[in-house]
Amino acid sequence: MTADDGPPADTYFTERPRSRSSRRELRFLYRGELLSFVVDRGVFASHGLDPGTAHLIECLEVKPRDLVLDLGTGWGALGVAAAKSAHAGRVVLTEVNRRAARLAEENLLRNGVSNAEVRVGRLFEPVGTETFDVIATNPPYRAGRELILELLAGAPGHLKPGGRLVLVGKGSQGIRFYQEWLEEHWAGPVRVLGRGSGYRVLEATLAPARAAPAPAIRRRLRRG
Ligand SMILES: C[S@@+](CC[C@H](N)C(=O)[O-])C[C@H]1O[C@@H](n2cnc3c(N)ncnc32)[C@H](O)[C@@H]1O
């Protein structure tokens, strides 16, 4: 690189993008409700809803009381949609890109979402030891395999018993590799929730907690 090359270009996961802002509005329909978003340059899917994210949103079932983590939220499409379904629950949206995080915050407000919050930080850092019913993500494949495997390996520690990791990806992003990795390492069933246009939505469910034995059974077990 020479001095004339200037600073390296932003990636969508640059912490503080330098590209000139060029905000625009977009909308999409989620289960009968028209959602409205502001998007900008320097963030993922700055021109419109990513087709992988659209598949994920379509396949993802969120219950009204669920606690949901939208990891790597971008401008917040998935997090806003999840918060609409989890209307008696809560959603945490995390992001490393500060411009994206600000957009996600703005987009929660635009859509009247009060049961969700945006936190800035890497992977599970912003949620400490919190656990969720659902972790949903369109992961940052371009950040590299090591990071994605760190995400997959870290997910069980942030799920409640019976909780689900739901992720989307396509062939060129290595989704078959990650599916096989999950099938080998995940403590519970892994299935394909949906597929289309080269994308797969995977769901990995953590085994439910074993119920503690009733007191009488416990006494018998102690006596042998
Ligand atoms: C493929 S994009 C998906 C964005 C958004 N969920 C969507 O579907 O439109 C992945 C997002 O993860 C963010 N990201 C990258 N590295 C991350 C990390 N280490 N921890 C959390 N988020 C990260 C990126 O900035 C980007 O917004």
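Here are legends for five close-up views of this predicted model.

**View 1. Seven strands side by side in one open sheet.**
Follow the sheet across in the order β5-β4-β3-β6-β7-β9-β8, where the pairing is mixed. At the two edges you meet β5 (116-120) and β8 (190-196), each of which pairs on one side only. Neighbouring strands are turned by 20° against each other on average, direction ignored. As a reminder, strands of a sheet pair through backbone hydrogen bonds, either parallel or antiparallel.

**View 2. The parallel pair β4 and β5.**
Here we zoom in on one edge of the sheet, with β5 as the edge strand. Strand β4, residues 90-95, pairs with β5 in the parallel sense over five bridges. To find your way, look for V91, which stands opposite A116 in β5.

**View 3. Strand β9 between its two partners, β7 and β8.**
Strand β9 covers residues 199-205, and six of its seven residues are buried, so the rest of the structure largely encloses this strand. What links β9 to β7 (residues 159-170)? Seven bridges join the two strands, which run antiparallel. One landmark is V166 in this view, whose bridge partner in β9 is E203. Strands β8 and β9 also run antiparallel, joined by six bridges, and V190 stands opposite A204 in β9. The hairpin of β8 and β9 has two residues between the strands, and in this hairpin S197 takes a positive phi near 50°.

**View 4. The surroundings of the ligand.**
Which residues come nearest to the ligand? Of the 23 residues around the ligand, they are F13, T53, G72, G74 and P140. The elements that give two or more residues to this shell are α2 (77-85) and β4. Sorted by character, the shell divides into 13 nonpolar, seven polar and three charged residues.

**View 5. Two loop residues with a positive phi, R31 and A45.**
Start with R31, which is not a glycine and yet has a positive phi of about 45°. R31 sits in the loop between β1 (24-30) and β2 (33-39). Is R31 buried or exposed? R31 counts as exposed because it has 10 C-beta neighbours inside 10 Å, and the limit for exposed is 12 or fewer. Now move to A45, also not a glycine, with a positive phi of about 55°. A45 belongs to the loop between β2 and α1 (51-59). With 20 C-beta neighbours inside 10 Å, A45 counts as buried, because a residue is buried at 20 or more.

Conventions: Residues numbered from 1 in each chain as written. Predicted model: local features only at pLDDT ≥ 70, side-chain atom pairs only at ≥ 80, totals over all residues. Pairing = 2+ DSSP bridges. Helix = DSSP H or I, 4+ residues; strand = E, 2+ residues; numbered from the N terminus. Axes fitted to C-alpha atoms, helices over the stretch in contact; angles between N-to-C directions. Near = placed C-beta within 6 Å. Nonpolar A, V, L, I, M, F, W, Y, C, P; charged D, E, K, R; others polar.
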